[in-house]
Amino acid sequence: MTFYFIRRFLLIIPTFFGITLITFLILQIVPGGPLEMEIMKIRMGGQKGSESGSNSGSTQNIPQSAIDELKKFYGFDKPIHERYIIWVTHLLKFDLGRSYVYSEPVWDVIKSRFPVSIYFGLIGFILTYLVCVPLGVYKAVKNGSVFDFISSSLVFIGYSIPGFAFGALMLVLFGGGSFWSVFPLGGFRSDSWDDLSFSSKIWDQLRHTFLPVLAYMIGSFATLTILTKNTVIDNLGQDYIRTAFSKGISEKRVIFGHALRNSMIPIATGLGHFISLVLAGSFLIEKVFNINGMGLLGYTSIVQRDYPVVMGILVISTLLLLIGNILSDMIYAMVDPRIRFN
Amino acid sequence: MAGKRYTTKFSLVLSTFVVLALCSMILYSCGNDKPKSKTVDTKPISIKKFDTPPGADPSVSAEQGGNGFTGEGWTTYTKLIGYGDPKATKGGSISWSIPDFPATLRPIGKDENSYYTRMAQNMMYERLLQQDPVTEDYAPLLATHWKISDDKMKFTFRINPNARWADGKPVTADDYLATWKMMLDPELLTGGDEFYKENFEMPVKESMYIVSVKAKKLGWIYFDVAAGIKVLPAHYLQDDKGNMMKGKEFLEKYNYDPIPGSGPYYIKKEDVEKGRTIIMRRRSDYWAEKENWAVGMNNFDVFKTDVIQDDNLEFEKFKKGDIDVYSYNRASWWAEKSDFDDVKRGLVQKRKIFNQKPEGQSGLALNMRKEPFNDIKMREAVNKLIDFDKWNERLFFNAYKRINSFFGGTPYANPTNETFKYDLDGAIKLIEEAGFKDKNSEGYRTKNGKVLALELPFSNKSQERYLTILQEDFKKAGIKLDLKEVDGTTNFKIGNERNFTMIIANWGGQNPPSLDFNVVSKTADDPNSTNWPGYKSERVDELVKQYTVNFNKKERIPMVQEIDKILYNMYPYGYFWTAQYQRLSWQNKFGMPKWILAKGDDFYGGTDTPIFQIWWFDPAKAAAYDEAKKDNSKKIPTEETENKFWITEGKSDVLKLSDFYTK
């Protein structure tokens, strides 16, 4: 099995380069790249969007020499394959390049967003497990009851509502702009954070956390709850459970000591993707709550044609995903003695 | 046993995660990382490092612009009163929000042309001369006096010996020269260097306070350019060895680390939180504080800009009072959402403010270089098929008017231009005259067996609502219109490369217009001009030639009006709509002059002064506001919603703003 995992780790290399090469090519080929965006900015400047206003215009044309300089700046004066080789060479030296938009190293841009993403990702991840696993078990035990029906209805209603729409609704209802002022209107913390006492800081952070976490989690409740419920029900129908009952073991002990333990195997395998939490985040939820996380960064980088940042995020996400997959398999093999990879 | 072992392992993994989560919460709550935000300290700041005594350097003679300079033989203008109100008080703060973080705060170089950066430039850096907002006469700013040579090609400026940089060093001719030299560096990536090289000789330092600039060609715009450059401190444009910095180094060094300017505001590096907030602070030691143009201006100690990407969140935050100023960019929101409780109680004021911001051009750019729009009849037909009244009534709450000029909102617009109305029969007649007489089985018109089918790229989802109406109206006339959604940059690329039949274009206006770059025939073939439709006219070229060398504004106006008539009647666009006002709301704790906005721009400025330099924090109003916030039964008086100062009192060429104070 050790050999199997070594092989899996080695396979990361070609997979990684395959993914980055394809993405790099697509980014370079699609129309309207950073060069066009820059020309547009020089010409039009841009202003706050208005349905009645027009964009501001520059008073001068853009000479060809300026376009050539811009091409040089973005590296478009070289053929695509050369650009990819340059990018890879820098990558091998752990250099992700410089952001076109922020004019600073890509790594600095990305790492400034990690804390927010890890924070929301981790809390969402833990809370989902803490709520959904017990709920799924209880639903399995009470299968077909009124509680099961009502909780399933709620869980599926939640599943059908997009997290960002739910978040926007919550902000309107509880943000204090239109109705009740219960929670702050988005953001990660209050502006007065530095002046708050320790306990007030925790309270402030919790108040800023509640609604976004709820929006992050609302869709994932259904999957994990129903997965838990179904695996517990499956296990409750197994021979060893019947045997346990026939031996006179209490229901509580049979469910929690035997059925639940085996039901955890498929759920535990998802833990391998815990590593991907640094990239957790949905740009829509982050946009709605005005949170500067990875989701929003990824989205705005694409919109603003900040290709170095797009590639930087791709590098990190690809590596984390590939490693997360292997970790999942490792956890699977660890928790289920029947599993042996060869 | 085995079962227990695996349960223990699972519990271990789970508890590790729980512990990690709790640790993460506590860590972030403890604020061990670098503080991201803080309560804004609203005291004005000083970053002065050098305490240069007031007045000129004693070594500079009066003839060289030093002490005792009389100004004889020079021009100046002493009557200028700025946009400020003498009643204004200093202090307090104001906040607003923008949807995207600016790509730089540098005054020059790559990305300098964003609306936020342009506004910040005007608040932090100063030019040699400014213009009277009412009469448009040139007036002192960094320069007290100026001279124009007899051949009108050499401009000489005398810099005010009292002018100081934020760090306390005097502003001198060297600063102007260094700024100019930096702008000639192609590494700034704006293309501006070509313009300066082509049109000017290198400025000459005549003394510490006198600098001259020579244009290579005759034209009234060159004085405007030379006087309008935002001057930067030479000592910040040098590298570690004291040499002039290269453009590339300049771009990187000052991207978000602003250079101290001579203007009334300053951005400290630590007040820039990338992607989230920028705070500008008033300088307590602004050199021109007591000049007449600065009276009542630059009142807020702190001007805060938050980045909020979501429209709904921005509006909710405004309603809650988290941001102070809100501009309604949609007619529907103004009509349906702007009268919430706090507006009715007077806590929030709303105004529709009319001013003289140039309207620009917006509409369907019709490619005149190829079929079918190489035929003027087809272009006229498109204009007759745009049922703007229907759009206006059904979608825009009758908030807008249809464009009927290339220079709308300015004196350069030709008042005799007719405005198009929807006319299906008229359009069909024109389409038939253009040769599309036959119809195919689907009802679409054909010419030589070719169907009259057009493709229209559009880049904004909100455009779909009126474009589908347009599609239906085109269909009634037998034109097949395919709508194709593309993103904004792609849309621009298609337009810029002239690779379209029709495309939506929006261009800002200018006052005065710089016609050399937009309307002369050669721009039709220049891929980087705004002449996307490709209009050409010998008469326009001739008028532009006269316009650029005519130094009398009154004589220039009829020339442009004639150009307007010629261009408008070529129908290069399917003309859309415009609005000559701003729909603005604010928390009722600010004082402001009766004109509310500057004459020639949006509330946030860019070419003209933003409200953040004109308004002030009114403690009495703020107290009433706070009281009413606590007590729902209280009301604050409101004023009339429409403000027409700039198109009634402010329109006159004779009146000065100073006259309005006493009215």
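Student: Is Asp132(B) buried or exposed in this model?
Tutor: The model is predicted. Asp132(B) lies in the loop between β2 (129-131) and β3 (138-140) of chain B. Its relative accessibility is 3%. Buried means under 20%, so Asp132(B) counts as buried.

Student: Which side chain does the side chain of Asp132(B) join in a polar contact of 2.7 Å?
Tutor: A polar contact needs N or O atoms within 3.5 Å. The contact of Asp132(B) spans 2.7 Å. The partner is Tyr77(B).

Student: How many residues of strand β13 (residues 348-354) of chain B are buried?
Tutor: In a regular strand, side chains alternate between the two faces of the sheet. On one side of β13(B), Val348(B), Lys350(B), Lys352(B) and Phe354(B) are buried. On the other, Gln349(B), Arg351(B) and Ile353(B) are buried. The strand is largely enclosed by the rest of the structure, because the buried count is seven of seven.

Student: Which residue of β24(B) is the bridge partner of Lys350(B)?
Tutor: β13(B) pairs with strand β24 (residues 581-587) of chain B over seven bridges, in the antiparallel sense. Within β24(B), Lys350(B) is matched with Ser585(B).

Student: And which residue of β27(B) is the bridge partner of Ile353(B)?
Tutor: Strand β27 (residues 642-643) of chain B runs parallel to β13(B), joined by two bridges. Within β27(B), Ile353(B) is matched with Asn643(B).

Student: What is the relative accessible area of Ile150(A)?
Tutor: Ile150(A) sits in helix α7 (residues 146-160) of chain A. Ile150(A) helps make a nonpolar surface patch of about 610 Å², with residues including Phe149(A) and Leu154(A). Ile150(A) is partly exposed, at 46%.

Methods. Residues numbered from 1 in each chain as written. Chains lettered and ligands numbered in written order. Predicted model: local features only at pLDDT ≥ 70, side-chain atom pairs only at ≥ 80, totals over all residues. Heavy atoms only, no water. Patch = residues over 30% accessible without salt bridge, like charges linked within 9 Å, V, L, I, M, F, W, Y side chains within 5 Å. Areas by Shrake-Rupley, 256 points an atom, 1.4 Å probe, with all protein chains shown as cover. Salt bridge = Lys/Arg side-chain N within 4 Å of Asp/Glu carboxyl O. Helix = DSSP H or I, 4+ residues; strand = E, 2+ residues; numbered from the N terminus. Buried < 20%, exposed > 50% of the residue type's maximum accessible area, 1.4 Å probe, protein only. Pairing = 2+ DSSP bridges. Polar contact = N/O pair within 3.5 Å; in protein donor to acceptor, adjacent residues only side chain to side chain.
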